[in-house]
Amino acid sequence: MSDSKPTQFDDVFLNLSKHKGRLRLHTSGLGWKSSAAAGDPYTVPASDIRRAIWSHASRGYALKVILKNGSSLTIDGFEEDQQERVAASMKEHFNVAVENREHSLKGWNWGKAKFEGNELVFQVGARPSFEVPLNKVSNANLVGKTEVAVEFALPKEGEKKDAMNGDELVEMRFYVPGMKEKETEGSDAENAENEDGEEEETSAANVSASTWDTLLTSRNFTKL
């Protein structure tokens with residue numbers, strides 16, 4: 001891939017940042033620098049970039065860049081008419097074709113939740129409805145038998161809340177009905193049967209809560 005001049009996009013946000021910044025794409029990688037905060041820019045080497053997805057977002061349009069380690073970053077605040085320039089730049093600098101993704105607008109509150117890299121993706125049918133960045137989650141608990149409460153990180157003590165942000169989501173609950181086969185340890189794991197010869201089961205919500213607990217305890221995902 002021959003070297004070329006960098007492509008620049010102004011007034012875009014990185015990973016739900018509060019302030020706008022400047023994005024630069026070059027054959028060596030991408031970089032974003034806040035227009036309000038001092039310090040080094042956030043950079044990603046070109047060799048780490050695997051996929052790119054363009055979609056509508058709350059602040060205009062967004063480009064999600066998926067990395068080879070499974071994590072992702074999101075740059076939003078683009079205008080609709082910038083799509084062709086973004087796609088051409090990603091192809092020129094990284095030889096990555098930008099995919100178009102349509103989000104579900106049905107308004108349904110039921111679907112399937114699955115973990116993808118450093119995000120939880122809630123799908124309605126074949127389309128994603130919304131994504132939850134795992135690094136914004138502070139805790140998850142089982143509530144009753146069929147609900148999982150996911151709590152979001154609040155400002156740390158001594159930090160002032162930015163008035164520009166307005167209201168913030170502090171908790172989300174997932175209704176997870178049904179039962180799943182209970183996993184057991186040791187020699188009985190292959191059969192997973194109790195003394196009466198029946199398979200031991202646990203609620204699907206309990207399994208979901210345990211998965212959340214494992215993820216949040218180990219923090220086995222990339223913090224961006």
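These questions and answers concern a predicted model of one protein chain. Residues are numbered from 1 along the chain as its sequence is written. Local features need pLDDT of at least 70 and side-chain atom pairs count only at pLDDT 80 or more, while totals for chains, interfaces and linings use all residues, and side-chain values use heavy atoms, without hydrogens and water.

Reader: How many strands does the protein chain have?
Author: Helices (H or I, at least four residues) and strands (E, at least two) are DSSP runs, numbered from the N terminus. On that basis the chain has two helices, and its strands number 16.

Reader: Which element gives the most residues to the largest nonpolar core?
Author: A nonpolar core is a set of buried (under 20% relative accessible area, 1.4 Å probe, protein chains only) Ala, Val, Leu, Ile, Met, Phe, Trp, Tyr and Cys residues joined through side-chain atoms within 4.5 Å. The largest one has 23 residues, of which Leu 23, Ile 49 and Phe 78 touch the most other members. Elements giving two or more residues include strand S2 (21–26), strand S7 (72–78) and helix H1 (83–94). With four residues, the top contributor is S6.

Reader: Which residues of strand S14 point to one face and are buried?
Author: The side chains of S14 (residues 171–175) alternate. Glu 171, Arg 173 and Tyr 175 point to the other face and are not buried. The buried ones are Met 172 and Phe 174.

Reader: In S14, what is the bridge partner of Val 148?
Author: Strand S13 (residues 147–152) runs antiparallel to S14, and five bridges join them. Two strands pair if DSSP finds at least two bridges between them. For Val 148 the partner in S14 is Phe 174.

Key
Buried means under 20% relative accessible area, exposed over 50%, partly exposed in between (1.4 Å probe, protein chains only).
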